[in-house]
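Here's a quick walk through one model, written for someone who likes to see the numbers next to the atoms. Have a look at the structure first, then read on.

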Amino acid sequence: MNIIETLPKEERPYEKCLQYGTETLTDIELLAVILRTGTKGCNVKELAVKLLKNEDGAVNVLSLTHLTLEQLLEINGVGKVKAIQILCVLELAKRISKTSFNDTTKYNTSEVIAGFYMEQLRHLEQEQLYVMFLDTKCKLIKDKLISSGTVNQSLISPREIFIEALRCNCVNIILVHNHPSGDPAPSREDIKSTSRVKNAGKIIGIRLLDHIIIGDNTYCSLNESGQI
């Protein structure tokens, strides 16, 4: 018998979902549906609680976003299949957040740019720097991960950025990176690095339009704040 079937009927996520809809499920119940089964001595809802607990012991769905494959596999009751299912669900959520963006989108406001990257970058524990390569109408030609730094710094290489910019014949570029602390306020190094990229672009004839720093559901535009 499936472990979930041993729970009281009112506590069975499948039955609750069928009767009342997905929106009535708690975070624990939603995850339990995805996991399907628990393990010996730990039913599926208890396993879901384990996965959702943060370092402070509070149950928070955002805890999932910080778990790597290796960390998931260390949790009793989570094998390769469950771990991959969880990671795929998280990746799907990131991609869904970008579905409103298409080939006609113009990346000419900080709100649009931050919206494009927010779910992708806000939960990362290391800094990642992306460069958006845009045409004359600020439509995206491509974006590229330029560097993946330590917890508190990301190395910006103007040479690497502009080699790629010339390769794809872009006219404008935008820098985007995250602050794992959740605070998007730019550091002194952020401002200095941005200035170097801007000055290098002037020589080549490629404009740096902005540098967006992503925090935890918030962002900072260096252009709008007058820091570039």
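What follows goes from the overall build to an aromatic patch, then to one helix residue and two loop residues.

**The whole chain**

Keep in mind that this is a predicted model. The protein has 8 helices and 5 strands. Read from the N terminus, the elements come in the order α-α-α-α-α-α-β-β-α-β-α-β-β. Lay the C-alpha trace along its principal axes and you get a span of about 70 × 35 × 30 Å.

How much of the protein is buried? Of its 228 residues, 39% are. As for contacts, take those between residues at least 6 apart in sequence: 58% of them join residues at least 24 apart. The accessible surface adds up to about 12800 Å², and carbon and sulfur atoms account for 52% of that.

On the charge side, there are 27 positive and 28 negative charges in the protein. Average the positions of each set, and the two mean positions end up 6 Å apart.

**The aromatic patch**

Now for the rings. The structure holds 5 aromatic pairs. One of these is Phe101 with Tyr107, a stacked pair with 6.2 Å from centre to centre and 15 degrees between the planes. Since residues under 20% relative accessible area count as buried, Phe101 makes the cut at 19%. Tyr107 is buried too, with a relative accessible area of 2%.

Tyr107 also pairs with Phe116, this time edge-to-face. Here the centres are 5.5 Å apart and the planes make an angle of 75 degrees. Both partners of this pair, Tyr107 and Phe116, are buried.

Which residues make up the aromatic cluster? Phe101, Tyr107, Phe116, Tyr117 and Tyr130 form it together.

There's a charged visitor here as well. Lys98 lies over the face of Phe116, 4.1 Å from the ring centre. Lys98 also lies over the face of Tyr117, at 5.3 Å from that ring centre.

**A residue in helix 8**

Next, pick out Thr194, which sits in helix 8 (residues 188–204). Is Thr194 buried or exposed? Thr194 is buried, and its relative accessible area is 0%. What does Thr194 touch, once its neighbours within four places in sequence are set aside? Its contacts are then Leu208, His211, Leu222 and Ile228.

**Two asparagines with positive phi**

Some background for the last stop: most residues other than glycine have a negative phi. Two asparagines are worth a look on that score. Asn169 has a phi near 55 degrees, a positive value in a residue that is not glycine. Asn217 has a positive phi as well, of about 60 degrees.

Where do they sit? Asn169 is in the loop between helix 7 (158–167) and strand 3 (172–178). Asn217 is in the loop that links strand 4 (207–214) and strand 5 (219–221). Asn169 is exposed, and so is Asn217. Their values are listed here:

| Residue | Phi | Relative accessible area |
|---|---|---|
| Asn169 | near 55 degrees | Asn169: 63% |
| Asn217 | about 60 degrees | Asn217: 55% |

To pull the local sites together: Lys98 lies over the faces of Phe116 and Tyr117, Thr194 is buried in the model, and the loop residues Asn169 and Asn217 are exposed.

Conventions:
Residues numbered from 1 in each chain as written. Predicted model: local features only at pLDDT ≥ 70, side-chain atom pairs only at ≥ 80, totals over all residues. Heavy atoms only, no water. Helix = DSSP H or I, 4+ residues; strand = E, 2+ residues; numbered from the N terminus. Buried < 20%, exposed > 50% of the residue type's maximum accessible area, 1.4 Å probe, protein only. Contact = heavy atoms within 4.5 Å. Areas by Shrake-Rupley, 256 points an atom, 1.4 Å probe, with all protein chains shown as cover. Lys, Arg positive; Asp, Glu negative; His and termini not counted. Charge placed at Lys NZ, Arg CZ, Asp CG, Glu CD. Phe/Tyr/Trp six-rings, centres within 6.5 Å; stacked < 30°, edge-to-face > 60°. Lys NZ or Arg CZ within 6 Å of the ring centre and 35° of its normal.
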